[in-house]
Structures are given as structure tokens and as C-alpha cells.
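Me: I would like a close look at one part of this model, the way its strands pair. Please go through it as one connected account.

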Amino acid sequence: MAKRLFIDLNKCDACEKCAVNCAYFYRPQMTDHGMLALRELAAFALICRRCEEPSCVAACKYEALERQPDGILKRYNLRCVSCKSCSHACPFGTIYPETLPFYAVKCDFCALMGAGEIPCTINCAKQAVEFREVEESPKEGIFLIGEHLAVRAPRWNKKDV
Ligand code: SF4
Ligand code: SF4
């Protein structure tokens, strides 16, 4: 079984300040935040309610947010100005404002490209990100996203009212 980056959003959300420093593979002298991009990807895939008429998309003046045919949101980071209108517009609070920096660097899964050291797994104080083998387990809230990512996310539970 191939290894994946495994992010535990339950632990990650517990951080007051994300202490993960992603050293971008091609520019090791800089500190980027690929982890923010991964958190956004995970939240769009697993926590967003995939509204049919999403108020977040309607709130974006810059056409930076799009609902894809499968219902999963996509944010175009070169159009996004980090106004956070989408975050305010979501009635469920599923767009975390801290994941909307003015310019977000995408994670390129450097671990899988032979970067050797995996900075995001070393620096996270909450151990919310690991690089390991992982099996999908909906019962435990663990889902595989794409080829290289696995995420544990909080479950939506319907409550009787
Ligand atoms: S933060 Fe970005 S995606 Fe969200 S409404 Fe503003 S420009 Fe659009
Ligand atoms: S981010 Fe919020 S408003 Fe937008 S589609 Fe998801 S749940 Fe709906």
C-alpha cells in the first residue's frame, strides 16, 4: 500500500495558530503554507455541504470560487483577493477564513517527489499531519482524496429536533 499524507482535521482545528511550516521543495529558503491549501482541499471535499445554490459562490465578486459538477468547490487562488466574503456567506461555517490567504501556495506533495524530509509532518506540534499508509474507513471518518491525500474529518450527524 502506498503512503499518503494523512491530515487529521479534528486535531488540526484544535490549533490556535497553525505551526506547520512547509518548506517548498523548489524554494527551500522560503516558508510557504502548503498545509493551508491542503486544509482547504480537505474541507471542500469532506466538510462543505455542497449546496446546490451556494451562497459562498454568489458572494464572491471576483469569480474566484466555483462549484464543480460533482458539487465540490474550487477556489482559483490567482483570482482570490482574500476578502473572505465567501467565508462570511457560508451558513455552515465550512470555509475557514485562515485558509484564504491573499496568495496560497499549493501543496505539491513533495514527500512523494523525493524531497526526503517531509517538513509539514515534522513541524506540526499537534501531530495532525503524518506521512504513512492509511486505509479508508468511513466509520472512523477517514477518507482518501485523490492519489496522495487522506483526511480524517468531523462527521455530520443528523439530529432529531
Ligand atoms: S476570499 Fe477569495 S474566494 Fe472568497 S469571496 Fe473573497 S475573493 Fe472570492
Ligand atoms: S462553503 Fe458553505 S455555502 Fe458554500 S457550498 Fe459549502 S456549505 Fe454551501
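Reply: Two strands are taken as paired here if DSSP finds at least two bridges between them, and a strand is a DSSP run of at least two residues, numbered from the N terminus. The model is a predicted one, and what follows should be read with that in mind.

The part in question is an open sheet of four strands, in the order E6-E1-E8-E7, with mixed pairing. Its two edges are strand E6, residues 129-132, and strand E7, residues 142-145, each of which pairs on one side only. Direction ignored, neighbouring strands of this sheet are turned by 25° against each other on average. In general, strands of a sheet pair through backbone hydrogen bonds, and they do so either parallel or antiparallel.

Strand E8 is a good place to start, since the order of the sheet sets it between E1 and E7. Consider the E1 side. Strand E1 covers residues 4-8 and strand E8 covers residues 149-152; the two pair in the parallel sense, over four bridges. Among the partners, Leu-5 is matched with Leu-149 in E8, and Phe-6 is set opposite Ala-150 of E8.

Now consider the E7 side. Here too the strands are joined by four bridges, but E7 and E8 run antiparallel. Leu-144 has Ala-150 in E8 as its bridge partner, while Phe-143 is placed opposite Val-151 in E8. Ala-150 therefore appears in both lists: it stands opposite Phe-6 and is also the bridge partner of Leu-144, in keeping with the definition of pairing by bridges.

The antiparallel pair forms a hairpin. Three residues lie between strands E7 and E8, and in this hairpin Gly-146 takes a positive phi near 65°.

Side chains also connect E1 with E8. Arg-152 and Asp-8 form a salt bridge, with an N to O distance of 2.9 Å. This pair links distant parts of the chain: Arg-152 belongs to strand E8 and Asp-8 to strand E1, and they are 144 residues apart. The count of salt bridges comes to four, under a rule that asks for a side-chain nitrogen of Lys or Arg within 4 Å of a carboxyl oxygen of Asp or Glu.

To put the pieces together, strand E8 pairs in the parallel sense with E1 and runs antiparallel to E7, and the sheet as a whole is described as mixed. The E1 contact combines backbone bridges with the salt bridge of Arg-152 and Asp-8, and the E7 contact combines its four bridges with the hairpin that holds Gly-146.

Terms used. Residues are numbered from 1 along each chain as its sequence is written. Chains are lettered from A and ligands numbered from 1 in the order in which they are written. This is a predicted model: local features need pLDDT of at least 70, side-chain atom pairs count only at pLDDT 80 or more; totals for chains, interfaces and linings use all residues. Side-chain values use heavy atoms; hydrogens and water are left out. Axes are lines fitted to C-alpha atoms, for helices over the stretch in contact, and angles run from 0 to 180 degrees between N-to-C directions.
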